[in-house]
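Trainee: Could you take a close look at one part of this model with me, the nonpolar core and what lies around it? I would love a connected walk through the packing.

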Amino acid sequence: AETGPLISFTEEMARRGMVASSQLLSAEIVGASTILARTLDVSIGSRLVYLRRLRLAENELIAVQTSYLVEALCPGILKDDLENGSLYATLRKTYGLSLTDSSVTVEAALSDDETANLLGLPSPAVLLITEQITLIDSGRPIEFTRTLYRADRYRVRVH
């Protein structure tokens, strides 16, 4: 994870010489909970795009990623191909958004059975968890993402 020019998981894996791919587990519109409304600076109940994806590098399971996007800033994004390619590239190209900054927290934790299962690990497995809030150039949050990485396959770089 890094601040400055934001890069997506897809772009980050490419920098490491690896091909990234995703499997979409769910994609739907949900109402913002109190915590998400506060995090994304929207009203409670506002429409958010909820994405849950398995992230792979070289066809190896790396992470389970949950993202919430402010739908008003990317209306109709569920019609886009969210499985192949970079979400950030879609936000830039299709919606003309400039993703400028993010804040990231990192912690270690043990997985629950479902996450371990999704990542093909014995339970409980050690995970690295990142939480990222991504901002557009107006300073407005567009995305909150929580990523559960396999600790044996992933190192977080922070600049």
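**A walk through the core**

Mentor: Happy to! Let's start at Leu 91, which touches Leu 69, Cys 74, Ile 77, Gly 96, Leu 97, Leu 99 and Ile 142, leaving out residues up to four places away in sequence. Keep in mind that this is a predicted model. Leu 91 belongs to the largest nonpolar core, a set of 25 residues, and is among those with the most contacts inside it, along with Leu 48, Leu 69, Ile 77 and Ile 142. Two or more residues each come from α2 (34-40), β2 (47-57), β3 (60-70), α3 (87-93) and β6 (141-150). The largest share, four residues, is given by β2. A second core of ten residues is separate from this one and includes Val 64, Leu 119, Ala 125 and Ile 129.

Now to the strands. By the rule used here, there is one aromatic pair. Its partners are Tyr 50 and Tyr 68, with 5.3 Å from centre to centre and 45° between the planes, a tilted arrangement. Tyr 50 sits in strand β2 and Tyr 68 in strand β3, 18 residues apart, so the pair links distant parts of the chain. Tyr 50 counts as buried because its relative accessibility is 15%, and Tyr 68 is buried too, at 18%.

Strand β3 also holds Thr 66. With 17% relative accessibility, Thr 66 counts as buried. Setting aside neighbours within four places in sequence, Thr 66 is in contact with Tyr 50, Leu 51, Arg 52, Phe 144, Thr 145 and Arg 146. Tyr 50 is thus a member of the aromatic pair and a contact of Thr 66.

Key:
Residues numbered from 1 in each chain as written. Predicted model: local features only at pLDDT ≥ 70, side-chain atom pairs only at ≥ 80, totals over all residues. Heavy atoms only, no water. Core = buried A, V, L, I, M, F, W, Y, C linked by side-chain atoms within 4.5 Å. Buried < 20%, exposed > 50% of the residue type's maximum accessible area, 1.4 Å probe, protein only. Contact = heavy atoms within 4.5 Å. Phe/Tyr/Trp six-rings, centres within 6.5 Å; stacked < 30°, edge-to-face > 60°.
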